[in-house]
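Subject: The structure we talked about

Hi,

Here is the structure I promised to pass on. Have a look at it first, then read my notes below with the model open beside you.

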Amino acid sequence: MNSLNFLKSNKQNFYYFLYLGLFLFSISILDVAINAFLKINITSFLPGILSIFLPLILGFVGLNFIRTEYSGIKSLDIINKNINTNNFNAILTLLIIFAIIKATPPSLSWMIFDANISGDTKEACTGTGACWTYVKVWFRRFMYGMYPNDLHWRINLAFILVIALGFFGFFLRDNLKKYLALYYVIIYPIIAFLVIYYLISGGAFGLVWVETGAWGGLSLTFIVSFFCLIFCFPLGMVLALGRRSSLPMIRYISIGYIEFWRGVPLITVLFMSSVMFPMFLPEDFFMDKLVRVIIAITLFEGAYCAEVIRGGLQALPRGQYDAAKSLGMGYWKMHIFVILPQALKLVIPGICNTFLALVKDTPLIFVVGLAELAGMLALAKTNPKWLGFAMEGYIFAAIIFWIICYAMSKYSYNLEAKYKTER
Amino acid sequence: MSEPIIKIENVNKWFGDFQVLKDINLDVSAKQKIVVCGPSGSGKSTLIRCINRLEEHQKGTIIVDGTELSENTKNIEQVRAEVGMVFQQFNLFPHLSILDNCTLAPIWVKKMPKKEAQELAMKQLEQVQIADQANKFPGQLSGGQQQRSAIARALCMQPKIMLFDEPTSALDPEMIKEVLDAMVNLAKGGMTMIVVTHEMGFAKEVADEVIFMDEGMIVEKAETKEFFANPKSDRTKLFLSQIL
Amino acid sequence: MNNKIKKILPQIITVLFVLGIFGFFTFNAQINMDNRGIDFGFGFLTQESSFDVQFSLIEYSGSHSYARAYLVGLLNTLLVSFISIIFCTILGVIFGVARLSSNYLIRNSAAWYVEFFRNIPLLLQIFFWYYAALRALPVPEKAGPWFGVTYMTIKGYYIPSFIWTNLDIFLYSILAVIISIIIISTYAKKLQENEGKQIPVFFISLGLIFLLPALTFFIGGVSLDFEIPALKQLSKTSYVFDGGIGLPPELIALVLALSLYTSTFVAECVRAGIQGIGKGQKEAAASVGLTPNQILKLVVMPQALRIIIPPTTNQYLNLTKNSSLAAAIAYPDLVLVFAGTALMQTGKAIEIVSITMLTYLSISLAIAAIMNWYNKKIEIKEK
């Protein structure tokens, strides 16, 4: 490194080096950008390899020139500190910048400029880019599955009601706030269940019955994850308390249950629900496929939920237990009035993550023949009228899932950070 | 006065926009004991962390035992091997036993045979009176014992200079004394010491000079008796009235 | 007395409840099986399976037994998990370290990588690679070589296979390398303890690893030939690659999806592990004069690994379990071969699903047991 020092600026010629360095750096970026956007190679007169590496070399020398420990110029110091701390970092910086520039034009033209969205048939897609017409035509199927088109308002209404009821707690008057936990843990799931059941499947109040086989698409993803979440929560709570119980038999059974389900993949559980459940139930007992799936996932996720809740219970300081006991509370009183209210608040981020995992796991239900979003894509992909657009479909689904999951993970992360600082 | 072992000239340092050290000048000669005090955020910790370059200064020069601190990593390691440091939070390595904590640097930096390093470590541990704990792990010791082990660990490198960064601030009151005793013993042995502390009793007993820092500057520097008897600056007076 | 009942009664009730459920299931299962004329038993395992599997590590055809089909599936599961674990570890370490970089661009690129691949369902990623990305590859006759001798086609990735002569001598030389490295490092440790001298064990080992096996080529009579895949015309329009090893596209898609998806979790483990080492540890190590490399080797890594390894093993376990999604794209793993095809043919639902679940369960429990033992062993002692 010392041998490079003669290339280093000193006090007198600092500005020459600064301007020269910035000039070289911008040249290198300009070269790559022109190459990528206009497809003109301005360095084509140079021999092959040199022409490829020239921007990298120029940029590297430029960054080397402007690197100083401390200049007093604010923006320069920010650059140096963040992307230009040493030679290795400078190279990586350049490579990342070049990669971004190189990747921009092809992806933009595929996604937007050369893409088609007009028309209703495959023939409308003439461009070289993506065929969003496909996604547009199939959009309702992707969202609602085979659910009859004129009844989609029922699904929408059900979801709006469920979400609205979820926010209901925020508007409660202060003197009712103490029932909030009761509301969310017991009343809300029941109401939500009834709303979804009667609105979406119908059969009462003058609504047409829609069999579960027709349910599908993204809405099915939410229905399955939502139901599984509200059912696996109480199951998880019981198991978590069981695992921390002082009674050995109860503890062993809980541990056995939790470790069993955590040790097997979900897909085998779904297989089990489709081929083993019918064997285990009384002869003439018919159980809907969707119900079987929900039960199977609930049993499975209940084990994960139990571990999350156990984490919350363990995070509580011993003092809380001691204090409750010293007031003469028994096991149930202590847990209901002192431990669970505190622990449940702590586990909200964990539960959020469980829900996230659930949403990411639901596409698996395709193995038993239920078609949510990924399943509908597989269906659409093989439709003879729309062959060859798998890419568009998967990118569309990926974007939707990504937005949902990213939002949720950020929410739970922030919540966790908030609780950490509050303590 | 002989050639100073630490020479600090016009040292400036910024954290972003905030200037933590403003034109610091300080000479320390061999075997001198200096206590640095001042309100929190006054830059006293930053100053001694600059001396073995845990922090980089941005202007000025620091020369330790004839070696100037610069970007040259060889110089830095050489200086660090000669300058021992004791931290407020002990910073013992939790995965190593006390003995291994002490022998780690002699073995890897000074290339000392393991046996010799262990003998040396035991001697230093005896000095701070925790030889019986040598095979325990840091997590098994009390705060005072941990801090004394940390002192022993630094001494195992046989440093010429010892830096103490608020060594007693993280300790319970009853443990402060055992750590201070160890430090007094060390001072009596003739070690060059720079100590950032609020323990004015220790300063009175041991220090040759006391430095008062505020807002990144050395406000007052005086011989110990002079410093406590008639402080010149108002800020020093105010500080002393609050702390004593 | 009252207290004792309070303790025992709930336990008895719970046990009876669990037993009741099991009894109820067994009772129903018996009736159901009687009605359908199925009997319970594992005798089918030795019967001839009479179905073929596309991709198998061991010799297998329809004339082999169901037990062997199970083994084929299990081996395929382990193969895809093993390859993916290697890749996801490499990627995870790179991106985990990159997330802590001082370079703004690197840090944020790594963060976006993690956020991107983590938040898309794994099944969707598998589908994407298999049905969209790999389908865009050329047909065999149009595929150009990658690195000269390998061919990436829509039908899979074709790589040369090795043909060894005197392989045993080569293997002995590797054994010799391992032994001599052990001897050298023990000697180095002794030397260091007694005289304080340090010898560059790492570079000596590196040299040995290359030198000794290379020597066997020159004097040991070892030679290595490659069978390079070559295009072969089956009919007018159909071509295949012959020779070499063909990795089926299902395997490639699975490995890609599994390792990208899991690497994001590994990256988070690595990041948490390195971040978990306080600044003070590095400062203390620096203050006694250790070089940056020594700090990493002696202070940071021993502590960081304690934090990183347990959750990472958990991710490996998840990966192995997730590899069961292979069934979705017809890669012949345990679930597809055994819980799919074999179950369809024999109708032995209870037996086959139980065996499949127990297989995964025992892998999980075995690894968990090893992990617990390891955690106990490396636990940092505290009061």
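**Chain C: a hairpin and a sheet**

In chain C, strand 6 (residues 230–233) and strand 7 (residues 239–242) run antiparallel and are joined by 4 bridges. Before you go further, keep in mind that this is a predicted model.

Those two strands belong to a hairpin, with 5 residues leading from strand 6 of chain C to strand 7 of chain C. If you want a pair to click on, try C:Lys232, whose bridge partner in strand 7 of chain C is C:Val240.

Chain C also has an open sheet of 4 strands, in the order 1-2-3-8, and its pairing is antiparallel. Which strands stand at the edges? They are strand 1 (145–146) and strand 8 (245–247) of chain C; each has a single partner strand, so one side of each is left without a neighbour in the sheet. Inside that order, strand 2 (residues 150–153) and strand 3 (residues 156–159) of chain C run antiparallel and are joined by 3 bridges. There, C:Thr153 has C:Gly156 in strand 3 of chain C as its bridge partner.

As a bit of background, strands of a sheet pair through backbone hydrogen bonds, and they can do that either parallel or antiparallel.

**Chain B: another hairpin and a mixed sheet**

Now switch to chain B. Strand 1 (residues 6–15) and strand 2 (residues 18–28) of chain B pair in the antiparallel sense over 7 bridges. They form a hairpin with 2 residues between them, and B:Gly16 in the turn has a positive phi of about 65 degrees. You can spot B:Phe15 standing opposite B:Phe18 in strand 2 of chain B.

Chain B has an open sheet too, made of 6 strands in the order 6-7-8-3-9-10, with mixed pairing. Its edge strands are strand 6 (83–86) and strand 10 (217–223) of chain B, and each of them pairs on one side only. On average, neighbouring strands of this sheet are turned by 15 degrees against each other, direction ignored.

At one end of that order, strand 9 (residues 209–214) of chain B pairs with strand 10 of chain B in the antiparallel sense, over 6 bridges. B:Ile211 is the residue that stands opposite B:Lys221 in strand 10 of chain B. Then look for helix 5 (residues 143–155) of chain B, which lies across strand 6 and strand 7 (161–165) of chain B. This helix runs at about 170 degrees to strand 6 of chain B.

**Where chains C and A meet**

How many residues of chain C are in contact with chain A? There are 55, and they touch 54 residues of chain A. The area buried between the two chains is about 4,800 Å², and carbon and sulfur atoms give 74% of that. C:Asn119, C:Leu124 and C:Met357 supply 13% of the area that chain C buries against chain A, more than any other three residues.

Across this interface there are 14 residue pairs in polar contact, counting pairs with both residues at pLDDT 80 or more. Several helices of chain C give two or more residues to the side that touches chain A, including helix 3 (104–118) and helix 11 (349–378). Helix 1 of chain C gives the most, with 15 residues. By type, the residues on that side divide into 36 nonpolar, 14 polar and 5 charged.

**Salt bridges**

Side chains of opposite charge can pair when their charged atoms come close. A search of the whole structure finds 22 salt bridges over all chains. Between chain C and chain A the count is 1: the side chains of C:Glu115 and A:Lys410 meet at 3.5 Å, N to O.

Within chain A, the side chains of A:Glu307 and A:Arg243 form a salt bridge at 3.0 Å, N to O. That pair links distant parts of the chain, since A:Glu307 is in helix 11 (residues 289–315) of chain A and A:Arg243 is in helix 8 (residues 217–243) of chain A, 64 residues apart.

Cheers

Conventions:
Residues are numbered from 1 along each chain as its sequence is written. Chains are lettered from A and ligands numbered from 1 in the order in which they are written. This is a predicted model: local features need pLDDT of at least 70, side-chain atom pairs count only at pLDDT 80 or more; totals for chains, interfaces and linings use all residues. Side-chain values use heavy atoms; hydrogens and water are left out. Two strands pair if DSSP finds at least two bridges between them. Axes are lines fitted to C-alpha atoms, for helices over the stretch in contact, and angles run from 0 to 180 degrees between N-to-C directions. Contact means heavy atoms within 4.5 Å. Buried area is the accessible area (1.4 Å probe) that two parts lose on being put together, summed over both. A salt bridge is a side-chain nitrogen of Lys or Arg within 4 Å of a carboxyl oxygen of Asp or Glu. A polar contact is a pair of N or O atoms within 3.5 Å; within protein, one must be able to donate a hydrogen and the other to accept it, and residues adjacent in sequence count only if both atoms are side-chain atoms. Ala, Val, Leu, Ile, Met, Phe, Trp, Tyr, Cys and Pro count as nonpolar, Asp, Glu, Lys and Arg as charged, and the others, Gly among them, as polar.
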